[in-house]
Amino acid sequence: TETGYCYRGIEKTLELLPWASTVPIASRLEPESSVFTELVYCLAVEEIAQIEVSERSKLIRIILCELVRISSHLKYLVQVAQSVSSNTVVHYILREREKLLDVF
């Protein structure tokens, strides 16, 4: 097998099913930040089908992506703090991440 090649049948499933029902399947490609994979899939479908999305929808997408990005960075900082056994920092970061996750 080739290095980095991971075929789980998702690509074939996405080809066979209607595009509207496959967005949840696309989110399984990256469970921690599924918003990005869903967005990429929807952007591809919109480009192929020539679907025009409103400005409001585009702004909401950007806000969601930025919130997920910040949440992902905070999760990484928690892992770093745990690796150096800094429990106090872990609790402070998790408190802030919980506030962010409440927004979702």
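**Close-ups of a predicted helical model**

**View 1. On α5, the face turned away from the buried side carries the exposed residues N87, T88, H91 and D102.** Here exposed means over 50% relative accessible area, buried means under 20%, and partly exposed is what lies in between (1.4 Å probe, protein chains only). The model is predicted, so to speak of a local feature takes a pLDDT of at least 70 and a side-chain atom pair counts only at pLDDT 80 or more, while totals for chains, interfaces and linings use all residues. Numbering runs from 1 along each chain as its sequence is written, and side-chain values use heavy atoms, with hydrogens and water left out. Helices are DSSP runs (H or I, at least four residues), as are strands (E, at least two), numbered from the N terminus.

**View 2. V90, I93, R97 and L100 are the buried residues of α5.** Looking down the helix axis, these buried residues fall within an arc of 90 degrees, so they line one face of α5; the arc is taken from the directions from the helix axis to the C-beta atoms. Among the elements covering them is α4. As for length, α5 (residues 87–103) has 17 residues and should span 24 Å at 1.5 Å a residue, which agrees with end C-alpha atoms 25 Å apart. The expected span is 1.5 Å times one less than the number of residues.

**View 3. S71 meets R97 through a polar contact between their side chains, at 3.0 Å.** A polar contact is a pair of N or O atoms within 3.5 Å; within protein, one must be able to donate a hydrogen and the other to accept it, and residues adjacent in sequence count only if both atoms are side-chain atoms. S71 belongs to helix α4 (residues 55–83) and, at 5% relative accessibility, counts as buried. Leaving out residues up to four places away in sequence, S71 touches R97, L100 and L101, where contact means heavy atoms within 4.5 Å.

**View 4. The largest nonpolar core has eight residues: I10, L14, V23, I25, A26, Y41, C42 and V45.** A nonpolar core is a set of buried Ala, Val, Leu, Ile, Met, Phe, Trp, Tyr and Cys residues joined through side-chain atoms within 4.5 Å. Two or more residues come from each of α1 (10–16), α2 (23–26) and α3 (34–49). Y41 touches L14, W19, T22, V23 and A26, again skipping residues up to four places away in sequence. There's also a second, separate core of seven residues, including L74, V78, V90 and L100.

**View 5. α3 buries T37, L39, Y41, C42, V45 and E46.** The cover over these residues includes α1, α2 and α4. With 16 residues at 1.5 Å each, α3 should span 22 Å, and its end C-alpha atoms are indeed 22 Å apart.

**View 6. Two loop residues, Q50 and S85, have positive phi without being glycine.** Q50, with phi of about 55 degrees, sits in the loop between α3 and α4 and is exposed at 73% relative accessibility. S85, with phi of about 60 degrees, is in the loop between α4 and α5 and is exposed too, at 62%.

**View 7. C42 and C65 stay unbonded, as their sulfurs are 11 Å apart, too far for a bond.** A disulfide is a pair of cysteine sulfur atoms within 2.5 Å, and the count comes to zero. C42 is buried at 19% relative accessible area, and C65 is buried at 10%.
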